[in-house]
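Student: I would like to learn how to read contacts, cavities and pockets in a model. Where do we start?

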Amino acid sequence: MYNVMSPKAEEFISHEEILASLEYAREHKNDRELIDKILAKARERKGLPHREAAVLLDCELEDKNQEIYALAEQIKKDFYGNRIVMFAPLYLSNYCINGCEYCPYHLKNKHIARKKLTQEEIIREVTALQDMGHKRLALEAGEDPVNNPIEYILECIKTIYGIKHKNGAIRRVNVNIAATTVENYRKLKEAGIGTYILFQETYNKESYEKLHPTGPKHDYAYHTEAMDRAMDGGIDDVGLGVLFGLNNYQYDFTGILMHAEHLETYKGVGPHTISVPRLRRADDIDPDVFDNGISDETFAKIVACIRIAVPYTGMIVSTRESQSCREKVLHLGISQISGASRTSVGGYAQPEPEEENSAQFDVSDNRTLDEVVRWLMEMDYVPSFCTACYREGRTGDRFMTLLKSGQIVNCCHPNALMTLKEYLEDYASEETRAVGDKLIEKELDVITNPKVKEKVVDYLANIHNGQRDFRF
Ligand code: SAM
């Protein structure tokens, strides 16, 4: 029985409710009158329930689809402006006892190089990431209580926050590790993590169990209820995601929205972010079985419909996607992207030798951070290295309140410009700096409060003169 307020995975992600929603969407996908009603509701910018969002996702009417894209773009502009937050993943260890069929870290893969970073190696990797200009990391690790116990993850976080190198520092560490206990989530919170990220992979219990035949990850309920436990442990920024390409995309789209509704209704705070990874080619994975089944067009439609359905939730796209695909979805709702990523354990300080490949999957976007930053600015986006909300304690519903207050232009926008200025001064090539300084000049006009604007102009001058870390 579907119950958004239930603590049980199979009740807040009800298989029957998803099937009924998909049926409803199929029946009404070209129902102009209903689609107009749904779009009118979506224009209020309060989001949409999963069933109505599923109708938009299935809609085949060309003119209505254009309206869907235009609305997604407008909501993105209203809530996030033209800022794009930058981050990089850091793989700590690929030891893993799970049997995920699509992931080369699965236990049965005997030929992948198994690696785990020592604290000294972490210092080298993070220094290399700081030298590129990164301020925000997503830590990644396989599940292995012997090789990667929670104590190891906590030690890594402590090491990373402790590294001060030239003008750089990692100011926000997000963590993507396997589902764990409330007690461990509490420890992660105490270690000062930003967002706890966990991808559901698929919400379809039957497919989930087949795709995860062995290891602790096999337990669908334990995995699906992880965000509730994370919140019970005090983490109020959580990041959802499904791995598109594993299962029917309409099913997982509906499932992820139901998960967001559950967190918002039952825990009082919706997800901080939603990631939209697509399956990639990887070592020891049969490309005939896992062929990244959804087209770029469907992918763009998913991004647009998520943007409309959960306007307050950030959306992340990684370097799994190519430059051209990223270009297509940025304006439809993406608010965070990774740049210059390595999916191997190590590889930032020094490229991995060919015979020691520990990579999780092939990336499609291989550009340097400088190239990604310049590319964004040339399209009039403001790459942001801001971590202010987290550092000022504006997490969970306090962050949502800021987002809803309309004061983003006098808070996030100035912070984005100042962190971009730091990036330009410390790490950018001459060409990128020239593009960026021009953009900052222009973007100052977006700040509506004259006092804030005056302060920002002062702070920017101070940054140019060598001072760092101003924020609102
Ligand atoms: N071990 C943790 C877990 O089980 O959640 C951490 C996650 S893993 C390092 C990060 C994510 O990479 C997974 O959740 C999965 O969605 C994704 N992934 C695994 N294999 C992939 C592939 N072949 N292509 C793209 N993404 C993949």
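Tutor: With a definition. A polar contact is a pair of N or O atoms within 3.5 Å. Keep in mind that this model is predicted.

Student: Which polar side-chain atom lies 2.5 Å from an oxygen atom of the ligand?

Tutor: One of Glu 201. Its partner is an oxygen atom of the ligand, at 2.5 Å. The pair falls within 3.5 Å, so it counts as a polar contact.

Student: Which residues make backbone contacts to a nitrogen atom of the ligand?

Tutor: Take Ala 141 and Arg 280. A backbone N or O atom of Ala 141 lies 3.0 Å from a nitrogen atom of the ligand. For Arg 280, a backbone N or O atom lies 2.9 Å from a ligand nitrogen.

Student: How much of the ligand does the protein bury?

Tutor: Compare the ligand alone with the ligand in place. Alone, the ligand exposes 580 Å². The protein buries 97% of that area.

Student: How many residues are around the ligand, and which come nearest?

Tutor: There are 19 around the ligand. Ala 141, Glu 201, Lys 217, Arg 280 and Arg 320 come nearest.

Student: Now the cavities. What sets a cavity apart from a pocket?

Tutor: The way out. In a cavity the probe fits but cannot get out, whereas a pocket is an open set of points. This structure holds six cavities of 30 Å³ or more.

Student: What is the volume of the largest cavity, and which residues lie nearest its centre?

Tutor: The largest cavity has about 550 Å³ of space. Its lining has 34 residues, and Tyr 102, Cys 103, Glu 201, Lys 217 and Gln 360 lie nearest the centre. Two elements, β2 (136-141) and α10 (220-224), give two or more residues each to this lining. Glu 201 and Lys 217 are also among the residues that come nearest the ligand.

Student: How do the residues of that lining divide by class?

Tutor: Into 20 nonpolar, six polar and eight charged.

Student: What about the second largest cavity? Which residues are closest to its centre?

Tutor: Its volume is about 400 Å³. Of 25 lining residues, Val 85, Arg 136, Cys 389, Phe 399 and Cys 412 are closest to the centre. The elements giving two or more residues are α5 (62-80), β1 (83-93), α16 (388-391), α17 (396-405) and α18 (412-426). α16 gives the most, with three residues. By class, the lining has 11 nonpolar, nine polar and five charged residues.

Student: Where does the second largest cavity lie with respect to the domains?

Tutor: Start with the bounds. The domain assignment gives domain 1 (10-76), domain 2 (81-366) and domain 3 (388-464). Domain 2 and domain 3 both give residues to the lining, so the second largest cavity lies between them. As for domain 1, its centre is 34 Å from that of domain 3, taken over C-alpha atoms.

Student: Now the open sites. Which residues lie nearest the centre of the largest pocket?

Tutor: Glu 352, Asn 357, Ala 359, Phe 361 and Asp 362, from a lining of 20 residues. The volume of the largest pocket is about 450 Å³. Eight of its lining residues are nonpolar, six polar and six charged.

Student: Which element supplies the largest share of the lining of the second largest pocket?

Tutor: α12, with five residues. Both α12 (249-267) and α17 supply at least two. The second largest pocket has a volume of about 360 Å³. Its lining has 23 residues, with Lys 46, Ala 260, Glu 264, Ala 309 and Val 310 closest to the centre. The classes are 13 nonpolar, five polar and five charged.

Methods:
Residues are numbered from 1 along each chain as its sequence is written. This is a predicted model: local features need pLDDT of at least 70, side-chain atom pairs count only at pLDDT 80 or more; totals for chains, interfaces and linings use all residues. Side-chain values use heavy atoms; hydrogens and water are left out. On a 1 Å grid over the protein atoms alone, a cavity is a set of points where a 1.4 Å probe fits but cannot get out, and a pocket is an open set with protein on both sides within 12 Å along at least five of seven lines; lining residues have an atom within 4 Å of a point. Grid points are joined across faces, edges and corners, and a volume is the space filled by probe spheres set on the points. Helices (H or I, at least four residues) and strands (E, at least two) are DSSP runs, numbered from the N terminus. Ala, Val, Leu, Ile, Met, Phe, Trp, Tyr, Cys and Pro count as nonpolar, Asp, Glu, Lys and Arg as charged, and the others, Gly among them, as polar. Domain bounds come from an automatic or database domain assignment. A residue is near a molecule or strand if one of its heavy atoms lies within 4 Å of it. A polar contact is a pair of N or O atoms within 3.5 Å; within protein, one must be able to donate a hydrogen and the other to accept it, and residues adjacent in sequence count only if both atoms are side-chain atoms. Accessible areas come from the Shrake-Rupley method with a 1.4 Å probe; for residues, only the protein chains shown count as cover.
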